[in-house]
Amino acid sequence: MRSFLMMKTLLKNLLSGPATLMYPQRKRTYTPITRGRIDNDINRCIFCGLCSRRCPTYAIVVAKDSREWQIDRLKCCTCNLCVEICPVKCLSMEIQYSSPIGERTAGIYKLKATVEGKAEDKSKGE
Ligand code: SF4
Ligand code: SF4
């Protein structure tokens with residue numbers, strides 16, 4: 001019975017194609033529910049700090065006085081809790097993943113809203 005199951009698995013693997021894609025020739029199409037990275041429409045942020053307080057990995061830092069919002073993408077576990085809790089829905093879960101980085105601090109992505117309400121991107125890494 002075991003050898004029958006093994007042969008069945010072997011044949012299935014031989015007849016089906018590889019599970020991996022020939023990247024970068026073929027790129028994967030992500031589904032709408034893919035959890036890639038968190039983004040913030042900073043002009044709509046009211047700097048209430050709820051996302052920071054609820055984040056289980058302490059990935060978000062909110063500075064109300066200087067109107068700055070920061071996320072450490074290497075700490076984020078893409079649980080989506082901050083997106084769900086944000087009262088003005090300015091946070092979103094993008095389907096794109098962050099680019100590979102070479103140093104620890106490059107994962108920190110910082111946004112600053114100006115007094116006029118326009119965002120200034122102060123990111124170190126994307
Ligand atoms: S919960 Fe939303 S509005 Fe509040 S600080 Fe975070 S991103 Fe800004
Ligand atoms: S998705 Fe989860 S881990 Fe990532 S910043 Fe939001 S609350 Fe924190």
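Visitor: In what order do the elements of the chain run from the N terminus on?
Guide: Bear in mind that we're looking at a predicted model. The chain has three helices and six strands. From the N terminus on, they run α-β-α-β-β-α-β-β-β.

Visitor: Is the chain a compact globule or more spread out?
Guide: The globule rule gives 14 Å for 126 residues, and the radius of gyration here is 20 Å, well over that. The C-alpha trace spans about 70 × 30 × 25 Å along its principal axes. Since the radius is well over the rule, the chain comes out as more spread out.

Visitor: What percentage of the 126 residues counts as buried?
Guide: To be buried, a residue needs 20 or more other C-beta atoms within 10 Å of its own. Of the 126 residues of the chain, the share that counts as buried is 14%.

Visitor: Does helix α1 lie in the open or is it buried, and how many of its residues are buried?
Guide: Helix α1 covers residues 2-15, and from its first C-alpha to its last it reaches 20 Å, close to the 20 Å expected at 1.5 Å a residue. It lies largely in the open, because the number of buried residues among its 14 is zero.

Visitor: Which residues are closest to ligand 1?
Guide: Ligand 1 has 14 residues around it. That shell divides into twelve nonpolar, two polar and no charged residues. The closest are C45, C48, L50, C51 and C86.

Visitor: And which residues are closest to ligand 2?
Guide: Here too, 14 residues surround the ligand. The shell of ligand 2 holds eleven nonpolar, three polar and no charged residues. The closest are C55, C76, C79, L81 and C82.

Visitor: How many residues make up the largest nonpolar core?
Guide: In soluble globular proteins, nonpolar side chains tend to be buried together. In this chain the largest such core includes I38, C51, C55, I60, I71 and Y109. I60 touches C51, S52, C55, Q70, I71 and C82, leaving aside residues up to four places away in sequence. Apart from that core lies another of five residues, among them C45, W69, L111 and A113, while the largest one counts eleven.

Visitor: Where is C77 found, and is it buried or exposed?
Guide: C77 sits in the loop between β3 (68-72) and α3 (81-85). Its C-alpha atom is 9.3 Å from that of R37, a residue 40 positions away along the chain. With 11 C-beta neighbours inside 10 Å, and 12 or fewer being the cut-off, C77 counts as exposed.

Visitor: What is the phi of N80?
Guide: Most residues other than glycine have a negative phi. The loop between β3 and α3 holds T78, whose phi is positive, near 50°. N80 is found in that loop too, and N80 counts as partly exposed with 14 C-beta neighbours inside 10 Å. N80 isn't a glycine, yet its phi is positive at about 75°.

Visitor: Which residues does a cis peptide bond join?
Guide: Most peptide bonds are trans. This one has an omega of about 10°. P24, one of its partners, is found in the loop between α1 and β1 (37-40). The cis bond joins Y23 and P24.

Note on methods
Residues numbered from 1 in each chain as written. Chains lettered and ligands numbered in written order. Predicted model: local features only at pLDDT ≥ 70, side-chain atom pairs only at ≥ 80, totals over all residues. Near = placed C-beta within 6 Å. Nonpolar A, V, L, I, M, F, W, Y, C, P; charged D, E, K, R; others polar. Helix = DSSP H or I, 4+ residues; strand = E, 2+ residues; numbered from the N terminus. Rg over C-alpha atoms; globule rule 2.2 N^0.38 Å. Expected span 1.5 Å × (residues − 1). Core = buried A, V, L, I, M, F, W, Y, C linked by C-beta atoms within 7 Å. Contact = placed C-beta atoms within 7 Å.
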